[in-house]
Amino acid sequence: MSEALLEIKGLRVEFDVPGGRLPAVAGIDLTLGRGEILALVGESGSGKSALSMSLVGLNRGPRAHIGGQVLFGGRDLVAADEKALREVRGRDIAVVFQDALAALNPTQKVGDQVAEMIRTHKRVPKKQAWQRAEELLGEVGIANPAQAARAYPHQLSGGMRQRVMIAIGLANDPAVLIADEPTTALDVTIQAQVLRLLKRLQTDHGTTVVLITHDLGVVAEVADRVAVMYAGRIIEQGTRDQVLFDPQHPYTKALLDSVPRVDGPAAARLPAIAGSPLTGVARPPGCAFAPRCTFAHESCTATPPALAQRRGAAGHLDACLLDTKVVTS
């Protein structure tokens, strides 16, 4: 992995809910390398968005409890106050939200919204910020950016709105771009364009991208490393090829098996993972995936297995006690 840019140590995110305290992120250690694309994958509710939003304090509140450390540029962002976080958001770490139509202000032209992000962190005249906004819209692949800048969000297509969100994220040339399901609800052609754009940002600007997705096809297309999450924990981590072609955890293998293939016989029905993800405040004492795992045995229900290198190539970590030969047979 390249030089460490951001280090997450023992991060915990819990929310008060009617049934108690929900552990959305349950003690995660993760290092983000400079200039890499790290994909966070897993089913809905696995903690991907809660993890990423906690990096810049976007899920703070009276019912949220966040602990651990997020070290960036010598600062602990978990311990930082709101004023310090506002200096980091958009300038050093930017976020591209999943629903661009909901994230954009419907009463403002998109050019004004891009320019506002620029002027939030830089003292530049409005005219200069507007000119830079048009340049950014062009850089993210919007045709006729001067015209698009004067449009309102509802006047743009879904793909163009997503590009506007990326332009807002890139307004101050951040070191880290968090992309939360950036291709959701887009048609296949627009998805490919957005993915090419993210890859180009990495190549041309050295931008580090945290890509949150449940689409393993997207992971195969652009990711350098992959972290698989389940019930608030990372249960497997490694390079893209290590995780996709040599999965060590039964959950990762089940995710891959549930993807329909185009190079084999037609299946009678699509394969699915048995059971349902954990959604309540209660967690089993051992491996959280054990109730759904066909390979689980007594040792799996004692204590949660630690994320460690047990098998495979260097840097390929998993949180499973089983032998890989048993899992992949």
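This passage looks at the charged side chains of a predicted model, beginning with one lysine and moving on to salt bridges. Residues are numbered from 1 along each chain as its sequence is written, and side-chain values use heavy atoms, with hydrogens and water left out. Local features need pLDDT of at least 70 and side-chain atom pairs count only at pLDDT 80 or more, while totals for chains, interfaces and linings use all residues.

A good place to start is Lys48, which lies in helix α1 (residues 48-54); helices are DSSP runs (H or I) of at least four residues and strands (E) of at least two, numbered from the N terminus. Lys48 is buried yet has no salt bridge. Buried means under 20% relative accessible area, exposed over 50%, and partly exposed in between (1.4 Å probe, protein chains only); a salt bridge is a side-chain nitrogen of Lys or Arg within 4 Å of a carboxyl oxygen of Asp or Glu. For Lys48, the nearest side chain of opposite charge (Lys and Arg count as positive, Asp and Glu as negative; His and the chain ends are not counted) is Glu181, 4.8 Å away. A polar atom of the Lys48 side chain does lie 3.2 Å from the backbone oxygen of Glu43.

Elsewhere, charged partners do meet: the whole structure holds 16 salt bridges. One of them joins Arg75 and Asp92 at 3.6 Å, N to O. This pair links distant parts of the chain, with Arg75 in strand β5 (residues 75-76) and Asp92 in the loop between α2 (82-88) and β6 (93-96), 17 residues apart. Arg75 is partly exposed at 31% relative accessibility, whereas Asp92 is buried at 17%.

Note on methods. A polar contact is a pair of N or O atoms within 3.5 Å; within protein, one must be able to donate a hydrogen and the other to accept it, and residues adjacent in sequence count only if both atoms are side-chain atoms.
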